[in-house]
Every structure is written in C-alpha cells, then in structure tokens.
Amino acid sequence: MGILRKALSPSRRQEGLTIVPNGARVQGDLMLDSKLHLDGRFEGLLDCSNTLVIGKSGLLKGRIRAEEVIVSGRVQGELICSKLHILAGGKVSGRISCDTFILEDKGDFSGERMRSGEQANSIIDEAQQLLDEPMAVLNTAEVTLDNLFDSLPTQVKIDHPDKKR
C-alpha cells in the first residue's frame, strides 16, 4: 500500500497530454492546460496554455493561442504564441504573433508576423470575445431511439454495378 500511495502523490504527478489521433476531426472551441499533440484535424478556437505539437498529418484551422507551437503539419489562421517552431515539411499560413520564430529548411510560412504588442493583443481580445459568447444550440430536438429509428428509410434498394437494366 505504501508504494501505491507514493506513486500517486501530488508531488509525483506528471503533466497531462491530450492527443488527437490521425483520422479524428474536432470542431469548436477547446481550452486546455495540458500539452496537445494533433495528428488529426481541428477547426475552431484553440486556447492551450502549454505546448502544442502539430504532427505531420495534423491540420489546424482557426484561431490558436498556445505557449509554444511546434509544426510538422499544417496551420491556417491566426496564431499567438511565445515560441513558434516550423519544422521541415511544416506549413503555416495566416497572421502570427510570436516572440521567437524558428523556420527550418523546407519549412513554409506565408502570411503576416507581428511581435507581441498592440496588434497581437487585438487578436487575443477577439478570441476572448468568441470564448465568452454563449454557444448557439443548433438543434433543440432531443434525440431518442424512437425518433432516430423513425428517421431511417423503410426500404433500401441496392443495384449491382454489373447488372444491366
């Protein structure tokens, strides 16, 4: 028992990591304190107070704020960070605000770069306004098994592609 308590003690807690795997699609607003590794696709507003890594298959579209961003995949939109590192094969397009900017050979950046300051703060204010707005409810109808089954077709016809009419 002493070993288990020692392993789970707060002093031994490790930093969390969130992973969006290849093939996954996330859309909306996301705020994280943990590190994020994105190999899938994310569209929307992302606020990560830690390191954000976009893997080779990752695609991030929207407004992004993170402490450090490492890009092997693609980023499109507005990006605010302390440190941006675009690796070989990584592509970033849009408006960025960062203190440290590293672009490796065969990395790609197209857009506008601002240093931290007034213009960058306007992007932060716009992003915060979006986070503060209540989310619109798209469909207020409750989904139940009854109305789900009622929405399905009663007949399905499948023709063989080689069958001549």
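In this predicted model, the largest nonpolar core holds 22 residues, and those touching the most other members are Leu52, Ile54, Leu60, Val69 and Leu84. At least two residues of this core come from each of strand S3 (35-38), strand S4 (41-54), strand S5 (59-71), strand S6 (74-80), strand S7 (83-86) and strand S8 (91-97). Setting aside residues up to four places away in sequence, Val69 touches Leu52, Ile54 and Leu84, and also Leu79, Cys81, Lys83 and His85.

Cys81, one of the residues that Val69 touches, leads to the matter of disulfides, of which the count is zero. The closest cysteine sulfur to that of Cys81 belongs to Cys98 and lies 4.9 Å away, which is too far for a bond, because a disulfide requires the two sulfur atoms to be within 2.5 Å. Cys98, likewise, is in no disulfide, and its nearest cysteine sulfur is that of Cys81.

The table gives the accessibility of these cysteines and of Gly16.

| Residue | Relative accessibility | Class |
|---|---|---|
| Cys81 | 6% | buried |
| Cys98 | 0% | buried |
| Gly16 | 36% | partly exposed |

Gly16, which is partly exposed, sits in the loop that runs between helix H1 (2-7) and strand S1 (17-20). When its neighbours within four places in sequence are left aside, Gly16 is in contact with Ser34 and Lys35. The C-alpha atom of Gly16 is separated by 9.9 Å from that of Asn50, a residue 34 residues apart from Gly16 along the chain.

Definitions and conventions: Residues are numbered from 1 along each chain as its sequence is written. This is a predicted model: local features need pLDDT of at least 70, side-chain atom pairs count only at pLDDT 80 or more; totals for chains, interfaces and linings use all residues. Side-chain values use heavy atoms; hydrogens and water are left out. Buried means under 20% relative accessible area, exposed over 50%, partly exposed in between (1.4 Å probe, protein chains only). Helices (H or I, at least four residues) and strands (E, at least two) are DSSP runs, numbered from the N terminus. Contact means heavy atoms within 4.5 Å. A nonpolar core is a set of buried Ala, Val, Leu, Ile, Met, Phe, Trp, Tyr and Cys residues joined through side-chain atoms within 4.5 Å.
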